[in-house]
Amino acid sequence: MSTHYTPKTAAAVIIANMVGVGVFTSLGFQLVTVQDGFPILMLWILGGLAALCGAASYSELGAALPRSGGEYNFLGRIYHPAAGFISGWVSATIGFAAPIAAIAIAFGAYTTEVIPGDHQAWIKPLAVALVLIVTFIHSRNRAQSGQFQLLFTAIKVVLILAFCVFALLLVPEPQPVRLLPAAGDIEVMTSSGFAVALIFVLYSYTGWNAATYISGELENPKKHLPLILILGTGLVIGLYVLLNYVFLRVAPVAAMTEQVEIGYIAASHAFGDTAGRLTGGMLALLLISSVSAMTIAGPRALQAIGEDFPALRLLAKTNKHGVPSAAIYLQSAIAIAFLL
């Protein structure tokens, strides 16, 4: 049985952490102040460069301080154990458990959209079931955990690419999208509206640091972690720019402005009105890998806290395969409490 996560699994954790509902919902808010193709795509490129700078910085830190726990490890070692302690609990609760709850609720909502009829009462039970299933898988052993993460991250990437290709091929009325800079773009890109729109983009890019939470469980973190962080983040930048180009290409700006269901709107214009349920099913599948990745990453901060603070030693408890099952159970219990 493997005692380490592979570099592919660590990269999958990054990709799955980053690619959630944000990229499918935030364009409508950006279009309120920025509406031309070139500035919109530059938003996603600039946000990606910021994430890439973070990934490059963390690759150096992770190689120098190769221990699982993410910011808990970095802040505790560089500044003070108290800074790490606070960061570790914030990461595990607000950084991972709360998003797991929110994403699981979204999974339940999208799943019920696929089934004809009103099934609002199923949303929370489906959300709890997802968290419980993912918790069971990741609390057993790393081989099973890694395979599950790789599978659903691969499904996520393939579905996004398939959506982009078929939307571009099948859209009956393609929209014009300007890809080159023009007069006035500098004024737009230095405006307060552009800065506000960039905030939505930066939120969509959060998660590029996820692999540092399992760096101590990589076979050679000094060698592999920098490549994992850079390539994982780089792939997400490419997906985000492509997706937003497709959204702009297949749906009118007026139809998407101030709207949240960007994925559904784009699919409706590309494939017709019957695409809503299929889009809901696709988004539900995309969200499984996000819950999975956060269930892998977050508990490692709690495990590190348990290793360093004797009063919390229970959090460091591992099963026979060295997986921090106690920390995983606690984070998932917090997530379920949030979503209920």
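**Figure 1. α14 and the second largest pocket.** α14 gives the most to the lining of the second largest pocket, with four residues. This is a predicted model, as are all the views that follow. Helix α8 (142-170) joins α14 in supplying at least two residues of that lining. The full set to pick out here is A162, F163, F166, F271, A275, L278, T279 and M282. By character they split into seven nonpolar, one polar and no charged. The volume comes to about 170 Å³.

**Figure 2. A look into the largest pocket.** For this one the volume is about 600 Å³. Its lining runs to 26 residues, and N17, P99, Y203, T206 and M294 are the ones that lie nearest the centre. Which helix gives the most to this lining? That would be α6, with eight residues. Helices α1 (7-18), α2 (22-25), α6 (81-114), α10 (192-205) and α14 (275-297) each put in at least two. The chemistry of the lining is mixed: 13 residues are nonpolar, 12 are polar and one is charged.

**Figure 3. Helix α13, mostly under cover.** This helix spans residues 262-271, and seven of its 10 residues are buried. If you want to find them, look for I262, G263, I265, A266, A267, S268 and A270. Just past the end of α13 sits G272, which takes a positive phi of about 105°.

**Figure 4. M256 and its company in the core.** The largest nonpolar core holds 95 residues. Those with the most contacts inside it are F24, F163, Y205, F247 and M256. Here we zoom in on M256. Setting aside neighbours within four places in sequence, M256 touches L27, G28, L31, F247, L248, A251, I262 and I265. Two of those partners, I262 and I265, are also among the buried residues of α13.

**Figure 5. W44 and Y205, a tilted aromatic pair.** Searching the whole structure turns up 13 aromatic pairs. One of them is formed by W44 and Y205, whose rings sit 6.1 Å apart centre to centre with 55° between the planes, so the pair counts as tilted. W44 belongs to helix α4 (residues 37-64) and Y205 to helix α10, so the pair ties together parts that are 161 residues apart in sequence. Are these two residues buried or exposed? Both W44 and Y205 are buried.

**Figure 6. F163 against F247, edge-to-face.** Now for an aromatic pair with 6.2 Å centre to centre and 65° between the planes: F163 and F247 meet edge-to-face. They link distant parts of the chain, with F163 in helix α8 and F247 in helix α11 (residues 221-250), 84 residues apart. F163 has a relative accessibility of 6%, so it counts as buried, the cut-off being under 20%. F247 is buried too, with a relative accessible area of 0%.

**Figure 7. The phenylalanine cluster.** Pull back a little from the previous pair. F24, F163, F247 and F271 form one aromatic cluster. Where have we met these residues before? F163 and F271 are both in the lining of the second largest pocket. F24, F163 and F247 are among the residues with the most contacts inside the largest nonpolar core.

Definitions and conventions:
Residues are numbered from 1 along each chain as its sequence is written. This is a predicted model: local features need pLDDT of at least 70, side-chain atom pairs count only at pLDDT 80 or more; totals for chains, interfaces and linings use all residues. Side-chain values use heavy atoms; hydrogens and water are left out. On a 1 Å grid over the protein atoms alone, a cavity is a set of points where a 1.4 Å probe fits but cannot get out, and a pocket is an open set with protein on both sides within 12 Å along at least five of seven lines; lining residues have an atom within 4 Å of a point. Grid points are joined across faces, edges and corners, and a volume is the space filled by probe spheres set on the points. Ala, Val, Leu, Ile, Met, Phe, Trp, Tyr, Cys and Pro count as nonpolar, Asp, Glu, Lys and Arg as charged, and the others, Gly among them, as polar. Buried means under 20% relative accessible area, exposed over 50%, partly exposed in between (1.4 Å probe, protein chains only). A nonpolar core is a set of buried Ala, Val, Leu, Ile, Met, Phe, Trp, Tyr and Cys residues joined through side-chain atoms within 4.5 Å. Contact means heavy atoms within 4.5 Å. Rings of Phe, Tyr and Trp (its six-membered ring) pair if their centres lie within 6.5 Å; planes under 30 degrees apart count as stacked, over 60 as edge-to-face and the rest as tilted.
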